[in-house]
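Q: Please take a close look at how the strands of this structure are arranged into sheets. A connected account for a first-year student would be welcome.

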Amino acid sequence: MTPLRIPVAIVSLAVFSLFLSGCKASDVAPEPGQQKVSVRVSEVSGGESQDMPLRFSGIVRATQRATLTFQVSGTLKEQAVELGQKVQAGDLLARVYNPGLEPARDSARARLEELRTQYQQAQREWERSSRLHERGVVSEQTLEQLAARRDSLEASVATARASLAEATQLLEESTLRAPFSGRVEALLVERDEFVAAGQPVMRLSSPEGREVEVRVPAYLLDHVELEQTLPVWSVQDRSRPAQSGSVVEIAQASAIRGELHPVLVSLPVNTLEPGQPVEVGITPVRESAITVPLLSVIRNAEGVSVFRVRDNVASRVAVEVDRVVGERVVVTSGDLSPGDLVVYAGMTRLADGDAVEVR
């Protein structure tokens, strides 16, 4: 081989190598990314629907209140408070006079002392007879009789002590004292009037809390629950914003036709005063059926389903068709929620888990 042919061969080999390397580079080029399926979607409708609030009237009252009475009858001889006066727990409010209470207590006390003396005497006689019985002077029968008399007097002493406690308690019931700190709302009996046992004498309320009771039909009891917040409007000042009350008590429905049932609502302190007329709003909440577009429902070998789109990914969700309403279908599914997006166009090229592009 001549010297001129050797360089030409080397150059040809280098060019061929570069050509092969270029072909290999083109053979291993990366494939383009997966194409997104273009679809159109619509929202799932349904869920809870709220109507306009229904208003029920009531009167604000104190949370802690009491109508006070005497447990004994008599003439009202002392009334130590006035209407609207503030009182503390234990303060004297009123007193009645009954001519039979003090003599009954004194008689019970005297009877107790009499029986106690007889019992002590019987105890001493039994002790002396016991010593004589040990010497054989007193018979067993006599000793047993003395013991029986002593035990009988002991029981009588206990009965007399209970009678004295009862008479003392009845005398104390002739005095009326405040059970809690508050304000006198009403005086129902005038001085020197006769008061029967259990007859209301005065009303007392505490300023610590406020509440209002409204009566609602039985069907609305399912739309309220304990600690639920309800709006409360003042009737006297319509421009005043509604206060937020909390449900504390709910009555149970009864079988009486047309009966209204009480719902007790607690009010914030320092908002509404007792005696003010108010309205409490209760909003019925109804469950509406879940519906999807008719075009979104597809049927395959696995059953009826729709494609739900989340994060630009379509997933198949099984549904049960209830009925068709116009251009929508009422469905039942535990996986669909109101507001979800379902595909209604572009499903022919769509599979479970495909990436989608929403148009």
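A: The following account concerns strand pairing. The model is predicted: local features need pLDDT of at least 70, side-chain atom pairs count only at pLDDT 80 or more, and totals for chains, interfaces and linings use all residues. Residues are numbered from 1 along each chain as its sequence is written, and side-chain values use heavy atoms, with hydrogens and water left out.

Strands are DSSP runs (E, at least two residues), numbered from the N terminus. Two of them pair if DSSP finds at least two bridges between them. In general, strands of a sheet pair through backbone hydrogen bonds, either parallel or antiparallel.

One open sheet contains 4 strands in the order β8-β7-β5-β10, and the pairing is antiparallel. Its edges are formed by β8 (175-177) and β10 (194-195); each has a single partner strand, so one side of each is left without a neighbour in the sheet. Strands β5 (residues 74-79) and β7 (residues 92-97) are joined in the antiparallel sense by 4 bridges. There, E78 has R95 in β7 as its bridge partner.

Attention now turns to β15. This strand (residues 261-267) is mostly covered, with 5 of its 7 residues buried, where buried means under 20% relative accessible area (1.4 Å probe, protein chains only). Strand β12 (residues 210-216) pairs with β15 in the antiparallel sense over 7 bridges, and V214 has V263 of β15 as its bridge partner. Strand β14 (residues 243-250) also runs antiparallel to β15, to which 4 bridges join it. The bridge partner of I250 in β15 is V263.

Terms used
Buried < 20%, exposed > 50% of the residue type's maximum accessible area, 1.4 Å probe, protein only.
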